[in-house]
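Hi there,

Here is the structure I promised to pass on. Please have it open while you read, and my notes follow underneath.

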Amino acid sequence: MQNDCQQKQIQDLEWYRNLIAEIVESIFCPKCHVADSICIKTFPESGKACDAIFMCKQCGTNFTYKEIIKLAIEKYLGSKIFNYKIPDFVMCPICNEESYAPGEHICYLCGNEKQLTCSICGQDIQLEDIPIWVKYKKCNECNKSQYNGNEQRQSHD
Ligand SMILES: [Zn+2]
Ligand SMILES: [Zn+2]
Ligand SMILES: [Zn+2]
């Protein structure tokens with residue numbers, strides 16, 4: 001047992017979502033495969049989880065915030081009943097990691113809370129249109145109108 005863990009708990013850090021802290025507490029260390037072994041090695045002055053350094057108290061492996069978040073996302077995805085239609089995490093437009101939760105409008109890694117928007121018309125992407133956005137970075141309407149561009153539009157007036 002390594003003893004250079006901080007006395008502070010994972011939950012004492014400031015996370016973008018409390019859910020993340022809960023998942024981090026239960027992560028299996030990828031090196032020694034022991035669960036519930038992550039502790040805080042460096043508790044940052046800011047109190048923010050993204051400035052902390054983490055450590056496995058069993059094997060002493062250090063983890064950056066980014067590494068911890070990736071492990072948390074893997075753990076989360078592995079433990080839930082999968083909804084294949086709408087991905088739980090998509091590429092974050094700010095940090096370019098697969099850590100943006102479209103249902104919650106937050107990136108677990110960089111804290112980006114902006115809605116995903118269509119690259120053509122700029123409107124917010126609806127949850128059901130996330131799979132289209134993932135492929136084309138467009139909303140459903142813009143995606144359809146690209147393919148049906150020459151078809152006659154129905155008038156709604
Ligand atoms: Zn370990
Ligand atoms: Zn991000
Ligand atoms: Zn659009």
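Below is what I found, beginning with the nonpolar cores and ending with two backbone details.

Please keep in mind that this is a predicted model.

The largest nonpolar core has 27 residues, and those that touch the most other members are Ile 20, Val 24, Phe 54, Ala 72 and Tyr 108. Two or more residues each come from α1 (18-25), β1 (38-42), β2 (53-56), α2 (65-79) and β4 (100-101). Of these, α2 provides the largest share, four residues. Both domain 1 (2-79) and domain 2 (90-147) are represented, with at least three residues of the core drawn from each.

Tyr 108 is a good place to start if you want to look around this core. Leaving aside residues up to four places away in sequence, Tyr 108 touches Tyr 16, Arg 17, Ile 20, Ile 69, Ile 73, Ser 99 and Ala 101. There is also another core, lying apart from the largest one, with five residues. Cys 118, Ile 125, Trp 133 and Cys 139 are among them.

Next, the helix pair. How do α1 and α2 pack, and at what angle? Their axes are 9 Å apart and the angle is about 85 degrees. An angle from 65 to 115 degrees counts as roughly perpendicular, so α1 and α2 are described that way. On the α1 side the contact is made by Ile 20, Ile 23 and Val 24, and on the α2 side by Ile 68, Ala 72, Lys 75 and Tyr 76. By residue class, the contact of α1 with α2 has six nonpolar residues, one charged and no polar. Ile 20, Val 24 and Ala 72 will be familiar from above, as they are among the core residues that touch the most other members.

Finally, two residues to check in the backbone. Asp 36, in the loop between α1 and β1, has a phi near 55 degrees, which is positive even though the residue is not glycine. Is Asp 36 buried or exposed? With 12 other C-beta atoms within 10 Å, Asp 36 is exposed, because the cut-off for that class is 12 or fewer.

Lys 137 is the other one: its phi is positive, about 60 degrees, and Lys 137 is not a glycine either. You will find Lys 137 in the loop between α3 (130-136) and α4 (140-147). Lys 137 has 17 C-beta neighbours inside 10 Å and so counts as partly exposed.

Happy browsing, and do write back with any questions.

Best wishes

Methods:
Residues numbered from 1 in each chain as written. Chains lettered and ligands numbered in written order. Predicted model: local features only at pLDDT ≥ 70, side-chain atom pairs only at ≥ 80, totals over all residues. Core = buried A, V, L, I, M, F, W, Y, C linked by C-beta atoms within 7 Å. Buried ≥ 20, exposed ≤ 12 C-beta atoms within 10 Å, placed from the backbone. Domains from an automatic or database assignment. Contact = placed C-beta atoms within 7 Å. Axes fitted to C-alpha atoms, helices over the stretch in contact; angles between N-to-C directions. Parallel < 35°, antiparallel > 145°, perpendicular 65-115°, else oblique. Nonpolar A, V, L, I, M, F, W, Y, C, P; charged D, E, K, R; others polar.
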